Amino acid sequence: MTQTPALLAPERARQLAAEYGLKPDEYDRVLAILGRAPSLCELGIFSVMWSEHCSYKSSRVWLKELPTKAPWVIQGPGENAGVIDIGDGLAAVFKMESHNHPSFIEPYQGAATGVGGILRDVFTMGARPIANLNALRFGMPDAPRMKQVIDGVVRGIGGYGNCVGVPTVGGEVNFHPRYNGNPLVNAMTVGIARADRIFTAAASGVGNPVVYVGSKTGRDGIHGATMASTEFTADSEEKRPTVQIGDPFTEKLLIEACLELMATDAIVAIQDMGAAGLTSSSVEMAGKGGMGIELELDRVPQRETGMTAYEMMLSESQERMLMILKPGREHVAEAIFTKWELDFAVIGHLTDTGRIVLKHKGRLEADIELAPLESEAPLYRRPTAETPRQAVLDAAAIADPVGPEAALLTLVGSLDLCSRRWIWDQYDSMVGGQTARRPGAADAAIVRIEESRRALAMTTDCTPRYCLADPEEGGKQAVAEAWRNITATGGLPLAITDNMNFGNPEKPEIMGQFAAAVRGMAAACIALDFPVVSGNVSLYNETEGRGILPTPAIGGVGVLDDVAQAVGLGLKPGLDLVLVGET
Amino acid sequence: MRAGIVLFPGTNRERDMALALQRVTGHRPEMLWHRDTALPAGTDLVVLPGGFSYGDYLRCGAMAAQSPIMQAIKAFADQGGHVLGVCNGFQMLTEAGLLPGALLRNATLRFLSMDCRMRVERTDTPYTNRFQRGQVFRSTMAHGDGNYFADDATLERLEGEGLVALRYATPAGEATAAANRNGSARNIAGILSPNLRVLGLMPHPENQVDPEIDGTDGLPLFESLAATLATAAA
Amino acid sequence: MKVLVTVMPKAGVLDPQGKAIGHALAGLGFAGVGEVRAGKVIELEVAETDAAAAKQAAEAMARKLLANTVIESFRVEIA
Amino acid sequence: MKVLVTVMPKAGVLDPQGKAIGHALAGLGFAGVGEVRAGKVIELEVAETDAAAAKQAAEAMARKLLANTVIESFRVEIA
Ligand SMILES: Nc1ncnc2c1ncn2[C@@H]1O[C@H](COP(=O)(O)OP(=O)(O)O)[C@@H](O)[C@H]1O
């Protein structure tokens with residue numbers, strides 16, 4: 001075994017770094033941390049860990065303004081999902097996540113794998129998923145490809161959720177031309193765990209085995225830039241980066257197997273392999289625990305032949321998890337994963353070096369100190385420009401050209417308000433036998449917790465055109481609407497997750513929208529005692545060089561002490577209608 | 001009643017079914033594993049629950065129908081045992097040859113998750129004796145492949161022998177095309193074996209057993225079973 | 001050796017998928033398309049080196065699992 | 001004339017269906033089965049009488065509708 005991996009030639013390395021999205025000064029930091037040129041595999045690790053997606057480098061300074069604490073918050077942002085105490089020793093675990101870009105490339109699989117990813121974030125923490133929701137923004141139906149995108153996304157969400165047997169109980173849909181080339185697919189999962197049995201990602205215990213479970217690793221989703229790399233000589237068709245395909249069947253087995261293993265005391269830490277799968281999971285687990293980690297990549301279950309270390313570390317193959325087990329518990333875990341017909345492999349162990357060391361085919365492929373990989377990660381306070389205030393309209397000065405009846409008909413028939421039945425008619429909202437209010441039946445969906453009187457009320461909300469006009473008010477409004485929707489069902493609103501979908505953060509007006517939306521959300525969260533416990537940021541959503549509408553989607557969760565308190569929408573004859581609040 | 005619910009890889013409505021059975025019997029049924037080669041002694045009801053066994057890959061229920069436990073279930077049915085297959089379970093029963101015909105892709109080519117209504121065609125069976133003859137009850141369906149197909153000779157035989165248990169119908173009890181969302185032959189929602197002890201149906205009456213969740217329209221089916229099997233055991 | 005098992009809906013069995021495809025093709029302006037049938041093909045890599053034996057084995061797999069002969073017919077080819 | 005369009009998942013693209021079928025065949029005791037890939041076949045009855053023209057038309061249909069070329073490849077044969 002050599003002491004340093006095969007290094008890239010300096011010029012080549014700098015050129016590849018740029019192709020992988022690292023800015024020149026970011027690459028200089030890579031050189032400073034390593035004290036030498038990187039290997040291809042190391043460069044891949046830096047580029048994904050320091051990508052906007054993994055590092056939140058443009059958004060982190062703003063997200064810090066969101067309130068994240070309350071007596072009932074068990075776990076705020078920073079883990080795979082947020083956790084709140086809902087009484088009776090139970091916890092609700094939830095998060096929302098975007099899969100915008102993949103859903104435009106391949107709508108069915110993009111949306112399906114989005115659902116798969118968010119489910120894993122939740123059951124990783126020890127929770128059984130009990131509900132899925134979504135927040136969708138499409139372009140106009142007559143825009144090129146948009147009908148196929150809409151159809152594919154809806155089928156994909158249903159195809160995955162129905163198969164894993166988690167009811168899809170709510171969501172929202174908007175249409176606007178600014179999403180024509182960049183639809184938004186945000187998926188939310190809510191799970192239930194015992195409050196004293198929450199699993200996290202922080203690794204501990206020198207020598208403890210690192211275990212890989214789930215599906216095999218293929219070349220799925222490895223970023224396109226690698227195609228240009230001269231490292232690869234085989235025919236291009238074979239090496240093409242491929243779209244990730246979801247396998248909800250395997251995910252279902254993974255849920256059952258993980259929950260079965262979690263009922264034992266074998267697990268030290270667990271993390272799903274999301275974007276940049278093996279890289280982010282191993283780096284984060286070791287990093288959070290202040291440990292080192294050493295992996296033997298030959299032991300990674302592989303679907304294809306001839307995979308390189310770089311490819312394995314960057315693969316986005318779905319339905320995979322990484323775990324740290326207590327010493328000697330491998331056989332317990334292996335028996336469970338074998339029973340569920342899933343791959344199981346011990347691929348490495350924890351060390352006390354504080355470094356990630358990767359070996360493949362008897363060669364050292366990467367050796368990076370973990371602390372600076374995180375502490376030196378780029379962090380930007382990008383310039384912001386305030387959205388100009390618009391003059392307030394004088395309602396009295398606006399003529400009514402059509403009369404209330406025609407106006408009502410136009411509204412009811414409009415894309416944003418017409419019935420969504422054709423969507424939820426494709427989603428199994430009843431599986432589990434606990435759905436007390438399905439889509440269309442109440443302002444928030446209501447799902448009872450098995451073997452309990454309690455129920456959760458859940459909703460997703462955002463009105464992007466408000467956010468465009470005034471991002472701060474729009475951010476406030478989205479949080480307030482989620483709160484109202486929960487209240488209206490008889491639930492006590494407890495906490496939110498969010499999905500911040502915005503355009504290019506390098507444009508001051510976009511960063512200004514982002515900052516203002518966060519400010520508004522924070523104000524509403526504080527006023528309503530409705531903290532943020534998890535979330536996701538999706539930037540660079542551009543359509544024809546123009547940003548999408550600023551879309552801070554909010555996923556709200558509340559609790560009902562007794563499902564019998566649930567209130568729905570259906571009016572019954574003889575009741576009085578009461579209007580509350582100023583009109 | 002001693003009931004067993006079979007778990008296949010990908011099954012997902014086993015807990016719904018367990019709750020429904022618990023409601024009528026007061027105790028939890030046993031979960032059985034697809035690799036088992038024998039049923040627990042004293043079993044008098046086997047349920048093949050809904051879900052996506054083997055991901056619905058190839059054909060719904062096809063791989064599950066080849067599972068080790070299916071041999072034991074066939075033998076159990078041959079000896080007069082009661083077998084209930086719901087949704088994916090119905091698909092398994094046809095794939096395993098325990099019931100005739102097949103479930104094709106829905107005529108709409110879409111997954112259908114919605115309310116449906118079924119007319120009870122006969123009430124002298126272990127599954128329907130607590131319904132009124134011709135009674136229409138509401139249930140939910142959630143399937144992509146529920147379009148019942150059999151050749152004409154088979155359909156004639158089923159009709160002639162009175163083995164059609166449930167038909168999709170309007171609230172007024174008419175078996176119209178509009179009430180038949182998945183396109184099933186002759187609006188068939190559920191069929192029986194000649195000895196009336198094997199029932200396969202596509203909708204999910206196990207989701208309509210609780211007034212706090214979605215009403216109790218499906219409860220008579222389970223009450224019928226409980227009554228039948230309580231008498232049988234006595 | 002590679003074996004292809006092609007599984008088609010039997011004549012007389014409803015083929016909603018084939019019908020929908022035919023409809024969509026007409027909608028896209030493809031003229032002169034008559035009946036459309038949609039089936040499956042399963043490509044098997046087998047260790048067997050004798051073509052006749054491989055074909056026989058694949059037929060057994062089709063009868064047992066790959067096709068449902070109530071609604072489908074199949075044919076086996078060596079690729 | 002009859003035209004067959006065979007649509008398969010592209011090399012390297014995960015094929016969960018093929019994987020499950022392979023697994024099931026092994027479970028049923030069929031030995032020596034390696035990789036299994038599952039695809040679709042669409043049988044078109046076309047009015048066109050010139051084979052080359054029919055093939056060309058079917059290729060256009062495959063690109064436009066029958067195959068999703070992001071994840072699938074196709075081939076066209078005259079039956
Ligand atoms: N994408 C979707 N998936 C599932 N349910 C949805 C979706 N979009 C809308 N719904 C459901 O349709 C109903 C009406 O939606 P919406 O008009 O957004 O409701 P509201 O304005 O009351 O929040 C709600 O019950 C909602 O959960």
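# Exercises on a predicted model

A polar side-chain atom of N134(A) is placed 2.5 Å from a nitrogen atom of the ligand. The model is predicted, and the exercises below start from this ligand site.

## Exercise 1. The ligand site

Task: describe the surroundings of the ligand, from single atom pairs to the whole shell. Which residues are closest to the ligand, and which elements give two or more residues to its shell?

Solution.

Step 1. Begin with the polar atom pairs. Besides the pair with N134(A), a nitrogen atom of the ligand lies 3.4 Å from a polar backbone atom of E172(A). On the oxygen side, an oxygen atom of the ligand is 2.7 Å from a polar backbone atom of G440(A).

Step 2. Turn to the covered area. On its own the ligand has 550 Å² of accessible area, and the protein covers 76% of it.

Step 3. Assign the shell to elements. Two or more residues each come from β4 (128-138), β5 (168-175) and α16 (421-424) of chain A. The largest share, 4 residues, belongs to β5(A).

Step 4. Count and classify. The ligand is surrounded by 16 residues, and the closest are N134(A), G171(A), W424(A), Y427(A) and G440(A). Sorted by class, the shell holds 7 nonpolar, 5 polar and 4 charged residues.

## Exercise 2. The seven-stranded sheet of chain A

Task: give the strand order of the open sheet of 7 strands in chain A, and say which strands stand at its edges.

Solution.

Step 1. Write down the order. The strands of chain A follow one another as β8-β10-β7-β11-β9-β12-β13, with mixed pairing.

Step 2. Find the edges. β8 (267-272) and β13 (363-369) of chain A each have a single partner strand, so one side of each lacks a neighbour in the sheet. On average, neighbouring strands are turned by 20° against each other, direction ignored.

Step 3. Look into one pair. Strand β7 (residues 209-214) and strand β10 (residues 320-325) of chain A run antiparallel and are joined by 5 bridges. Within this pair, V213(A) stands opposite M321(A) of β10(A).

Step 4. Add the helices. Helix α3 (residues 40-49) of chain A lies across β12 (355-360) and β13 of chain A, at about 35° to β13(A). Helix α10 (residues 248-262) of chain A lies across β7, β8 and β10 of chain A, at about 10° to β10(A).

## Exercise 3. The contacts of R36(A)

Task: place R36(A) in the fold and list its contacts. Which side chain joins that of R36(A) in a polar contact of 2.8 Å?

Solution.

Step 1. Locate the residue. R36(A) sits in the loop between α2 (24-34) and α3 of chain A.

Step 2. List the contacts. Apart from neighbours within four places in sequence, R36(A) touches T4(A), P5(A), L7(A), L31(A), E42(A) and D367(A). One of these, T4(A), is 32 residues away in sequence and 9.8 Å away in space, C-alpha to C-alpha.

Step 3. Pick out the polar pairs. The 2.8 Å polar contact is with the side chain of E42(A). The side chain of R36(A) also reaches the backbone oxygen of D367(A), at 3.4 Å.

## Exercise 4. A sheet across chains C and D

Task: describe the open sheet of 6 strands with antiparallel pairing. Which strands stand at its edges?

Solution.

Step 1. Give the order: β3(C)-β1(C)-β2(C)-β2(D)-β1(D)-β3(D).

Step 2. Name the edges. β3 (72-78) of chain C and β3 (72-78) of chain D each have a single partner strand, so one side of each is left without a neighbour in the sheet. From one strand to the next, the twist averages 25°.

Step 3. Examine a pair. In chain D, strand β1 (residues 2-9) is joined to β3(D) by 7 bridges, and the two run antiparallel. V5(D) has V76(D) as its bridge partner in β3(D).

Step 4. Place the helices. Helix α1 (residues 16-27) of chain C packs on the sheet and touches β2 (33-46) of chain C and β2 (33-46) of chain D; its direction makes about 120° with that of β2(C). Helix α2 (residues 51-66) of chain C also packs on the sheet, touching β1 (2-9), β2 and β3 of chain C together with β2 of chain D, and its direction makes about 160° with that of β3(C).

Key. Residues are numbered from 1 along each chain as its sequence is written. Chains are lettered from A and ligands numbered from 1 in the order in which they are written. This is a predicted model: local features need pLDDT of at least 70, side-chain atom pairs count only at pLDDT 80 or more; totals for chains, interfaces and linings use all residues. Side-chain values use heavy atoms; hydrogens and water are left out. Two strands pair if DSSP finds at least two bridges between them. Axes are lines fitted to C-alpha atoms, for helices over the stretch in contact, and angles run from 0 to 180 degrees between N-to-C directions. Contact means heavy atoms within 4.5 Å. A residue is near a molecule or strand if one of its heavy atoms lies within 4 Å of it. A polar contact is a pair of N or O atoms within 3.5 Å; within protein, one must be able to donate a hydrogen and the other to accept it, and residues adjacent in sequence count only if both atoms are side-chain atoms. Accessible areas come from the Shrake-Rupley method with a 1.4 Å probe; for residues, only the protein chains shown count as cover. Ala, Val, Leu, Ile, Met, Phe, Trp, Tyr, Cys and Pro count as nonpolar, Asp, Glu, Lys and Arg as charged, and the others, Gly among them, as polar.
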